[in-house]
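Okay, everyone, thanks for coming. Let me put the structure up on the screen, and then I'll walk you through a few spots in it.

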Amino acid sequence: MIDIPGDLAQAQETYNGAAGRAFIAGLPELTATFLHRWQLRLDGPSMNGVSALVLPVVRADDSRAVLKLQLPDEETEGEPVALRTWDGDGAVRLLDHDPTTGTMLLERLDESRMLSAADDTREAVVVIARLLARLTSVPAPPGMRRLGDIAEAMLEQTPWALKHIPDLGARRTIADCAAALREVVAEPGDRLLHWDLHFENVLAAGRAEWLAIDPKPLAGDPGFELWPALDNRFEAAEVRRRFDAMTEVLGLDRERARAWTLGRLLQNTLWDVKDGRPIEERQLEIGRRLL
């Protein structure tokens with residue numbers, strides 16, 4: 001028997017509809033299949049993010065691990081490829097993977113020690129920057145989603161989105177973001193990106209002080225990596241300081257990094273407009289402080 005958290009079931013219903021309901025319904029059988037196949041035994045209560053069920057387990061050799069079960073999609077299909085490429089250097093290590101279901105066996109980190117609990121957000125941002133410097137030091141493997149394709153599609157959708165932003169000030173900010181992105185879209189980069197490295201996706205570990213988890217990888221410019229650390233644990237007065245600290249640690253061209261970071265605001269806005277949600281004032285404030 002496994003506990004399926006209610007917020008995971010609700011998220012699957014909201015974002016994936018019938019496919020999400022089928023995934024939740026099939027979790028007990030899917031779990032049993034991989035406990036048997038990989039000779040695992042449960043070792044604690046269920047954990048979850050927005051899209052995945054994570055179960056602490058013990059392997060046949062008594063080493064500890066976690067079983068991650070998730071519905072494969074465009075964002076998650078590259079996760080095992082990225083983790084194998086990094087091979088534990090700055091990120092959690094992949095121990096096994098089933099390509100058909102997307103199920104992964106990962107090394108177990110210390111879920112009780114998350115970077116989001118750090119008191120000093122300035123030091124936490126430097127931790128993220130140092131991890132990003134390691135993760136983006138390698139080229140993306142073939143077949144990875146490409147930032148260039150994503151950015152071009154964003155710019156194509158921008159005129160439509162601007163018509164659906166009622167506030168004039170917000171519309172101008174998003175138009176400026178699109179203009180900045182146009183300046184760099186022709187050179188999208190080829191590094192292996194995590195895409196979602198915020199404070200809650202960094203855990204402590206026995207073999208390293210901090211390691212990244214839960215990548216949504218793509219190939220592109222490292223400047224596209226900075227947004228989550230500006231948005232998570234948001235402090236308006238710290239936006240510029242965080243941005244400057246990260247660009248310095250990663251050795252990025254500041255103007256290019258600014259353009260790609262504004263591209264993240266454009267990306268989030270396109271999603272909001274498509275789903276009929278207002279743009280969050282916090283995100284607009286980040287954009288205004290970088291423009």
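So, E123: at a relative accessible area of 39%, E123 is partly exposed. And E123 has a partner, because its side chain meets that of R130 in a salt bridge, which here means a side-chain nitrogen within 4 Å of a carboxyl oxygen. The N to O distance for R130 and E123 is 3.9 Å. I should say right away that what you're looking at is a predicted model.

How many salt bridges does the count come to by this rule? The answer is 25. Let me pick out another one, between D62 and R41, where N to O is 3.1 Å. D62 sits in the loop between β3 (52–58) and β4 (64–70), while R41 belongs to strand β1 (residues 41–42), so this pair ties together parts that are 21 residues apart in sequence. As for how open they are, D62 is exposed, at 54% relative accessible area, and R41 is partly exposed, at 46%.

Next up, K216 and D214. Their side chains also meet in a salt bridge, and here the N to O distance is 2.8 Å. Is K216 buried or exposed? K216 is buried, with a relative accessible area of just 7%. D214, on the other hand, counts as partly exposed, at 21%. The cut-off for buried is under 20%, so that's why those two get separate labels. And this pair belongs to a network of salt bridges that links K68, E79, D214 and K216.

Let's move on to one of the sheets. Have a look for β7, β9 and β10: these three strands form an open sheet, in the order β7-β9-β10, with antiparallel pairing. Which strands are at the edges? Those are β7 (110–114) and β10 (211–212), each of which pairs on one side only. If you follow strand β9 (residues 202–204), you'll find two bridges joining it to β10, with the two running antiparallel. Right there, L203 stands opposite L211 in β10.

Now a residue I'd like you to find yourselves: F224. Where is F224? Look in the loop between β11 (218–220) and α6 (227–231). Even though we're in a loop, F224 counts as buried, at 1% relative accessibility. What does F224 touch, leaving out residues up to four places away in sequence? Its contacts are L147, L193, W195, W260, G263, R264 and Q267. For a sense of scale, take F224 and M47: they're 177 residues apart in sequence, and their C-alpha atoms are 29 Å apart in space.

Okay, let's zoom out to the whole chain. It has nine helices and eleven strands. The radius of gyration is 19 Å, close to the 19 Å the globule rule gives for 291 residues, so the chain is as compact as a globular protein of that length. Along the principal axes, the C-alpha trace spans about 55 × 40 × 40 Å.

Of those 291 residues, 52% count as buried. If you take the contacts with a separation of 6 or more, 70% of them come from residues 24 or more positions apart. And the accessible surface comes to about 13600 Å², with 49% of that belonging to carbon and sulfur atoms.

That's my tour, so let's go back to the screen and take your questions.

Notes:
Residues are numbered from 1 along each chain as its sequence is written. This is a predicted model: local features need pLDDT of at least 70, side-chain atom pairs count only at pLDDT 80 or more; totals for chains, interfaces and linings use all residues. Side-chain values use heavy atoms; hydrogens and water are left out. Helices (H or I, at least four residues) and strands (E, at least two) are DSSP runs, numbered from the N terminus. Buried means under 20% relative accessible area, exposed over 50%, partly exposed in between (1.4 Å probe, protein chains only). Two strands pair if DSSP finds at least two bridges between them. Contact means heavy atoms within 4.5 Å. The radius of gyration is taken over C-alpha atoms; the globule rule is 2.2 Å times the number of residues to the power 0.38. Accessible areas come from the Shrake-Rupley method with a 1.4 Å probe; for residues, only the protein chains shown count as cover.
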